[in-house]
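Please look over the sequence and the structure below. The paragraphs after them go from a single side chain to a loop, a helix and a domain interface.

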Amino acid sequence: MDDAGALRTELANQLLGDGVLRDPKWHRAFQAVPRHEFLPRFYRQLHSGDWEPLTASDPGWLELVYADRVWVTQFDGDDTVTGGTPTCSSSMPTIMAIMLEALDVHTGQSVLEVGTGTGYNAALLCHAVGSGNVTTVDVDPNISRRARERLHANGFSPTCVTGDGALGHPGRAPYDRVLATCSVATIPLAWMEQTKPGGLVVTTLHRPIGAGLVRIVSHGDGTGEGRVLTEDGRFMPLRAHAHRPAPGGEGAFERSTTTLPFTTVLDPSSPFEFFAGISLPGVVAGPNWLAHSDGSWVHHHGSHVDQGGPRRLWDIAEDALVAWHELGKPRRGQFGITIGPEGQHLTLGGLRWHL
């Protein structure tokens with residue numbers, strides 16, 4: 001076995017040992033599909049914040065390719081620049097495995113993948129269910145072209161489409177499964193409409209605070225219901241669903257003391273973060289600030305906060321913490337999601353929050 005093969009086996013066995021892989025077909029896929037063929041160049045962020053390009057000519061490149069890490073492959077829609085806003089990446093294999101397992105796809109079923117990216121995930125799908133059952137779409141024509149070339153060079157021939165992923169791909173609908181390897185603020189109705197009754201849609205909610213993987217069972221008429229998954233997952237947003245910076249931080253403000261740490265609200269490892277995000281819809285965050293497009297803002301200074309604008313956002317966060325305790329400290333996996341005529345909602349018992 002060559003070095004790449006040994007590293008693939010090591011990665012697949014690690015995912016199996018960690019419990020994120022359960023279905024043997026996904027274990028075989030991770031063992032067989034050469035991730036390095038889809039990552040000839042990627043970027044590593046240095047402690048300085050700068051980005052370092054890495055290729056096969058760099059020492060340790062192959063080992064890094066097969067590490068359980070996400071690797072950025074493009075910035076600002078241009079693969080010739082180093083630095084900026086990441087717009088394409090190869091996702092962390094653990095998250096890929098979690099989503100593929102959640103997809104629960106079986107032999108002969110058709111899959112639409114939204115967000116082709118490097119093509120590696122599409123290759124895993126092709127290995128598991130056959131290229132003829134896989135359709136993958138990406139908005140960036142250069143990304144689609146490169147992924148298609150790499151897929152074909154490695155023996156995979158899914159239907160590769162360049163287009164707006166929010167529209168799905170009606171030409172090959174309906175699908176048994178839809179997998180979005182990008183995140184969305186709300187579930188595009190086209191995905192639900194193009195999924196067969198009883199079919200599954202697996203994606204990630206793109207929320208400024210409190211993202212989450214979701215799996216939804218389609219009713220076949222544009223509606224559906226499902227759950228937020230226990231496992232966390234954060235992906236680059238569908239480009240039309242990216243959050244815009246909110247103004248704030250200027251003008252009159254009120255100062256007050258607080259005992260609520262900023263990390264309790266913002267840290268993805270905090271059990272309160274998902275509920276905080278539900279309670280602060282539309283609020284974006286920075287290292288020590290919150291802001292909303294209505295002009296409300298917070299600057300957190302550890303023992304005190306400054307709040308300005310029409311609403312007191314930190315007061316809302318503190319009230320939400322009280323409500324969260326009263327509800328029994330619900331975690332991400334306890335929330336449902338419904339998509340119906342009245343809109344899209346997160347649910348917990350008899351409570352619901354509009355997406």
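In this predicted model, a polar atom of the Thr 203 side chain lies 3.3 Å from the backbone oxygen of Cys 182. Thr 203 belongs to strand 9, which runs over residues 195-205. With a relative accessibility of 0%, Thr 203 counts as buried, because the cut-off for buried is under 20%. Beyond its neighbours within four places in sequence, Thr 203 is in contact with Cys 182 itself and also with Met 99, Ala 180, Val 184, Ile 187, Trp 191, Gly 212, Leu 213 and Val 214.

Ser 157 is set in a loop, the one between helix 6 (141-153) and strand 7 (159-162). Is Ser 157 buried, exposed or partly exposed? Its relative accessible area is 47%, so Ser 157 is partly exposed; exposed would require over 50%. Ser 157 touches Ser 131 and His 152, if residues up to four places away in sequence are not counted. Gly 130 is 27 residues from Ser 157 in sequence, and the C-alpha atoms of the two are 8.8 Å apart.

Further along the chain comes helix 10. Helix 10 has 14 residues (313-326), and at 1.5 Å a residue these should span 20 Å; the end C-alpha atoms are 20 Å apart, so the two values agree. Its buried residues are Leu 313, Trp 314, Ala 317, Ala 320, Leu 321 and Trp 324. These cover an arc of only 110° around the axis, and therefore lie on the same side of helix 10. Asp 319 and Glu 326, on the other side, are exposed. What do the buried residues of helix 10 pack against? Their partners are helix 8 (262-266), helix 9 (273-279), strand 14 (289-291), strand 15 (297-300) and strand 16 (304-308). After helix 10 comes Gly 328, with a positive phi near 90°.

At the level of the whole chain, there is a division into domain 1 (3-228) and domain 2 (244-338 + 346-354). The centres of domain 1 and domain 2, taken over C-alpha atoms, are 31 Å apart. To the contact between them, domain 1 gives 15 residues and domain 2 gives 19 residues. The size of an interface is often stated as the accessible area lost when the parts come together. Between domain 1 and domain 2, about 1300 Å² is buried, and carbon and sulfur atoms give 63% of that area. Of the area that domain 1 buries against domain 2, 47% is supplied by Arg 207, Ile 209 and Val 228, more than by any other three residues.

Technical notes. Residues are numbered from 1 along each chain as its sequence is written. This is a predicted model: local features need pLDDT of at least 70, side-chain atom pairs count only at pLDDT 80 or more; totals for chains, interfaces and linings use all residues. Side-chain values use heavy atoms; hydrogens and water are left out. Helices (H or I, at least four residues) and strands (E, at least two) are DSSP runs, numbered from the N terminus. Buried means under 20% relative accessible area, exposed over 50%, partly exposed in between (1.4 Å probe, protein chains only). A polar contact is a pair of N or O atoms within 3.5 Å; within protein, one must be able to donate a hydrogen and the other to accept it, and residues adjacent in sequence count only if both atoms are side-chain atoms. Contact means heavy atoms within 4.5 Å. The expected span of a helix is 1.5 Å times one less than its number of residues. The arc is that of the directions from the helix axis to the C-beta atoms. Domain bounds come from an automatic or database domain assignment. Buried area is the accessible area (1.4 Å probe) that two parts lose on being put together, summed over both.
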